[in-house]
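Me: I've got a model open and I'd like to poke at the labels people put on it. Can you walk me through the reasoning behind them?

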Amino acid sequence: MAISQIKTDVLADKLDWIISQAQSIQQAPDQGQDRQMPCGVYALDKRHILAMPRDNGDSRYPYGRDGMNFWVYASGYMHSNEGLFSHFMRSANGQEPNIAFFAGMPSNPNDEHPDHFDIVPILPVPNVTNDQASAFHRYTVLSSTSAHFITTSQTLRFAVRIFVARNKDICFSISAENLGGDDQPIYLSSYFNPFLRHQVFEGAEDQWFKQISVLEPTDDSPDQSTHPQGFLVRVNEDVDRTRSASNWGIFRRAFATGQQPQNTRYEQTTARQAYVGGTRGSLHTAAALTHGTFGPPVPVCTFTDNAIAGDITHLTLKPGERTRLDIVFSFTNSDKWAKQLASQPIDATEIDSQLATLERDDHQRHHTLNLSIGQTDPQTLEPKVFDAFVEHLKRQVEFCSLIKGYVQLSPNSLIGVRDVCQAIEALAAWRPQPARDKLIEALGFTSPDGRCFRQYSLPSSNGQRGRMDLRPFIDQGVWVISCVVSYLKLTSDFGFLDEPVGYHSIVDESSDTALPTNETDSVLQHLFKIMTYLLDHRDHGQTGCIRALYGDWNDALDGLGVSMDPSQTYGTGVSVMVTLQVYQNCLEMIDLLKTTDPKLHAKRINAYQRNAEAIRHGLQTFAITTNGHGEKRILHGWGDRRSYLVGGFNDPDDTPRDGLTSNAFWVLSGMLEHDPDLEQVILKAFDRLDGKYGMRTFTPAFPPDVRGVGRIGKLPPGTAENGAAYIHATAFAIMALFQMGQPKRAWDQLLKILPFTPGHDNLSHSPFVMPNSYGHNPDLLIDGQNMNDWQTGSSNVVLKTLNRFVFGFEPTFDGLWIQPAGWAPFKNFSATANIRRCEVRLTSHTNAPTGRAFTINGEPAESTFDPVMGIDKLWIPPQALTEKSLDILIES
């Protein structure tokens with residue numbers, strides 16, 4: 001039996017802490033109320049989430065780096081992929097998991113040679129029902145670096161710790177402890193069904209090309225007792241018609257030194273049928289687990305059965321004894337490296353050290369942005385929960401920013417230019433270098449005429465060309481412009497504008513084929529071309545607004561751009577949201593060019609000013625509709641030749657309707673400054689759009705087959721973009737409310753969309769990160785469920801709103817405004833952010849007798865009143881941001 005070295009059992013110490021925290025909540029629920037989230041979830045501290053079992057949804061966390069996503073669910077399911085390469089496939093709810101751990105106890109404790117065992121899944125899945133399994137209590141702790149599963153009864157405690165090391169090894173540590181007073185015979189069993197193919201779906205023929213064999217010590221092994229037990233996996237796949245490749249996986253396992261009980265007996269199998277008991281068996285009723293043996297050895301399996309890596313270890317735990325078994329899964333495409341690795345023993349101390357390295361790295365990546373509150377109404381907002389949520393929200397934004405595609409395990413789950421640029425804009429607040437690098441990557445997927453691709457993917461590790469989504473959603477470029485401008489305001493890194501970036505040329509739009517070109521330009525030249533592309537797609541013949549083409553941010557409403565002329569693909573239908581964004585882009589580019597070199601760029605500045613004025617005139621003329629009573633609404637858009645309007649008083653289904661994003665961006669783009677009377681029009685629209693879970697994207701929902709709006713009517717009413725609180729859009733409107741000087745209304749909405757606040761008991765996903773929507777349609781029994789979490793743009797907009805308006809960091813090209821909102825549901829806060837390498841630390845107290853007062857490093861500072869936001873705010877000039885740090889006290 002292989003033995004690994006261990007000095008201090010970090011796992012045991014961590015388990016003791018988790019168990020003590022969980023027991024304190026279980027035994028005295030009232031004491032855990034200040035850490036409680038919906039759905040049986042608690043914030044143990046800022047980084048650790050306790051998730052109790054539930055059947056109406058699941059929480060999860062992604063582990064890995066550089067595009068590898070190893071998803072661990074509180075339910076016990078796990079799956080992993082890196083781009084199109086899947087290490088372990090995802091199982092649907094109720095299906096067999098591809099990773100599982102079990103314990104077994106003799107059904108007759110007095111039997112010296114038992115042949116029947118009671119099975120206890122150590123993870124919550126598979127769900128095995130028997131009296132012994134029912135005696136165990138389970139819970140999961142998810143953190144930003146590792147996951148822990150605890151399964152405990154009065155006499156036995158089992159645990160599994162899981163994390164992904166920096167080298168992408170997946171590390172599993174299994175712990176078993178005898179809490180009783182008698183010797184306890186048990187077995188521990190692990191089951192792995194690796195995939196290791198460049199696919200996101202499993203096919204019937206895949207098992208033909210997978211082989212798993214038991215690791216055997218070689219004749220020249222110096223010490224066969226330290227040779228790792230485990231398995232060698234080889235999966236063959238075709239790269240193309242002329243090339244094939246082998247992907248290798250290596251499972252190595254060992255007990256930690258001093259933690260291998262006496263009388264240990266070990267079996268391995270590579271055949272699924274040997275594990276589950278034949279073609280009709282499953283992990284829910286695995287015959288080998290019932291009988292405690294696999295029967296005849298199957299040291300190698302391929303072609304005739306689905307090859308798996310399974311083991312059973314029989315052992316006896318003395319009273320108070322604890323044992324630890326480690327399993328490390330590595331993968332490579334080098335057969336030489338795979339065979340070398342297969343002979344290298346694993347070391348428990350080194351495994352713990354790798355996790356400690358991850359935890360230090362995690363802290364180092366995220367410690368420069370801190371947002372914390374205090375003294376709240378506990379019925380509204382718990383400070384411990386809010387602070388923990390912000391930490392996980394930062395990691396969610398980082399995840400969305402640095403993805404490498406296929407997060408949703410679908411061939412069309414690529415890297416969205418609009419999605420990644422919005423996320424980067426938020427990430428730059430505390431991780432500017434990765435944000436910079438990813439932004440350069442995204443800019444490279446621009447065609448030479450300035451058209452930004454809707455989605456792209458990177459070449460695979462085996463050389464396959466990345467897939468593209470070339471549908472011309474007109475909004476892609478607007479997010480790039482805003483992202484670059486925001487990055488520069490945060491960092492003052494104007495050298496970024498000179499960075500060389502390539503292009504991709506569209507070869508065949510119908511097949512989504514694009515190839516890299518030999519042309520290279522600066523970032524700034526890319527911005528110029530993107531602006532040219534956007535402005536070229538104004539409706540120059542009539543409205544002066546931006547044509548929708550395939551669609552805009554609300555890609556479910558994809559019918560506005562369709563042409564009435566059968567010979568033309570796209571007509572003159574308009575997206576008001578994008579028109580507002582291009583207006584904003586013109587102002588952003590003017591600001592940027594005036595900051596860098598106004599003389600050199602004088603012609604472009606004048607051109608952008610002319611376009612901004614023309615767009616403003618077109619919006620004021622065509623985007624505002626009035627009914628017979630003089631009431632006004634801001635349209636969502638219109639169809640070709642203005643043949644129909646959407647989001648006005650008479651939509652194509654003869655129904656008055658409000659749209660959220662055009663109203664929000666009338667504020668966010670700066671257009672409201674020219675039409676202050678529209679503030680009440682926008683606020684009334686927000687009121688009509690309000691619902692149980694926040695402002696909805698449209699109200700009322702579109703029925704099926706509404707002319708000219710596209711596929712949005714196919715969505716059930718009250719779901720996604722069709723009449724639900726699609727939180728990304730709701731967050732735009734919340735930001736607009738803060739910008740309009742309406743902080744109480746903004747917070748009313750913010751509390752509705754934050755997933756950890758009261759009223760979210762029907763969440764389908766994790767309550768500690770942002771979901772993408774809240775459905776609501778009582779007729780369809782939909783009430784607060786959501787489609788997805790983690791990969792959603794709502795995360796970055798919420799974080800930017802917290803940064804800019806709640807805590808008040810608003811950088812400009814000229815300096816920094818400190819502008820916390822005039823009202824919040826807490827009395828004090830502290831916040832830290834790095835602006836231009838200066839650590840700016842804010843502390844706010846609500847105890848000033850009159851007004852709001854500021855001090856900088858202990859010295860009183862003069863404030864400026866903002867009549868729109870209705871607050872006193874503080875200006876920090878650029879020279880002050882050259883200091884290493886600034887301490888700013890805000891008293892109000």
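Reply: Happy to; this is a predicted model, and we'll go through cavities, salt bridges, burial and one sheet.

Me: What did the cavity search of the whole structure find?

Reply: Six cavities of 30 Å³ or more turned up. The largest has a volume of about 70 Å³, and the second largest holds about 50 Å³.

Me: Which residues line the largest cavity, and which helices supply at least two of them?

Reply: Among the lining residues are Arg 451, Cys 452, Phe 473, Ile 530 and Tyr 533. Helix 10 (476-491) and helix 11 (523-536) each supply at least two. Helix 11 has the largest share, with three residues. By class, the lining splits into seven nonpolar, three polar and one charged.

Me: And what makes up the lining of the second largest cavity?

Reply: That one is lined by residues including Phe 101, Ile 122, Ser 189, Arg 253 and Asp 311. Strand 9 (99-106), strand 15 (184-192) and strand 23 (322-332) each give at least two residues, and strand 15 gives the most, three. The class count is seven nonpolar, two polar and two charged.

Me: Back to Arg 451. Why is its contact with Glu 509 called a salt bridge?

Reply: The test is a side-chain nitrogen of Lys or Arg within 4 Å of a carboxyl oxygen of Asp or Glu. For Arg 451 and Glu 509 the closest N and O atoms are 3.2 Å apart, so the pair passes the 4 Å cut-off. It links distant parts of the chain, 58 residues apart: Arg 451 sits in the loop between helix 9 (432-443) and strand 26 (455-456), and Glu 509 in the loop between strand 28 (500-508) and strand 29 (513-522).

Me: How do you know whether Arg 451 and Glu 509 are buried or exposed?

Reply: Buried means under 20% relative accessible area, and exposed means over 50%. Arg 451 is at 11%, so it counts as buried. Glu 509 comes out at 34%, so it is partly exposed.

Me: What are the N to O distances for Asp 653 with Arg 657, and for Asp 658 with Arg 688?

Reply: Asp 653 and Arg 657 meet at 2.9 Å, while the closest N and O atoms of Asp 658 and Arg 688 are 2.7 Å apart. Asp 658 belongs to strand 35 (residues 658-659) and Arg 688 to helix 15 (residues 678-689), so this pair ties together parts 30 residues apart in sequence. Asp 658 is buried at 4%, whereas Arg 688 is partly exposed at 33%. Arg 657 has a relative accessible area of 0%, so it is buried.

Me: How many salt bridges does the structure hold, and which residues are linked in a network?

Reply: There are 54 salt bridges. One network of them includes Arg 47, Arg 166, Asp 361, Glu 391 and Arg 431.

Me: Last one: why are strand 41 and strand 47 said to stand at the edges?

Reply: The four strands run in the order 41-42-48-47 in an open antiparallel sheet. Strand 41 (809-811) and strand 47 (864-866) each have a single partner strand, so one side of each is left without a neighbour in the sheet. From one strand to the next the twist averages 35 degrees.

Me: What makes strand 41 and strand 42 a pair?

Reply: At least two bridges are needed, and strand 41 and strand 42 (residues 816-818) have three, in the antiparallel sense. So they qualify as a pair. Within it, Pro 811 stands opposite Leu 816 in strand 42.

How values were computed. Residues numbered from 1 in each chain as written. Predicted model: local features only at pLDDT ≥ 70, side-chain atom pairs only at ≥ 80, totals over all residues. Heavy atoms only, no water. 1 Å grid on protein atoms, 1.4 Å probe; cavity = no way out; pocket = protein on both sides within 12 Å on 5 of 7 lines; lining within 4 Å. Points joined across faces, edges and corners; volume = space filled by probe spheres on them. Nonpolar A, V, L, I, M, F, W, Y, C, P; charged D, E, K, R; others polar. Buried < 20%, exposed > 50% of the residue type's maximum accessible area, 1.4 Å probe, protein only. Axes fitted to C-alpha atoms, helices over the stretch in contact; angles between N-to-C directions.
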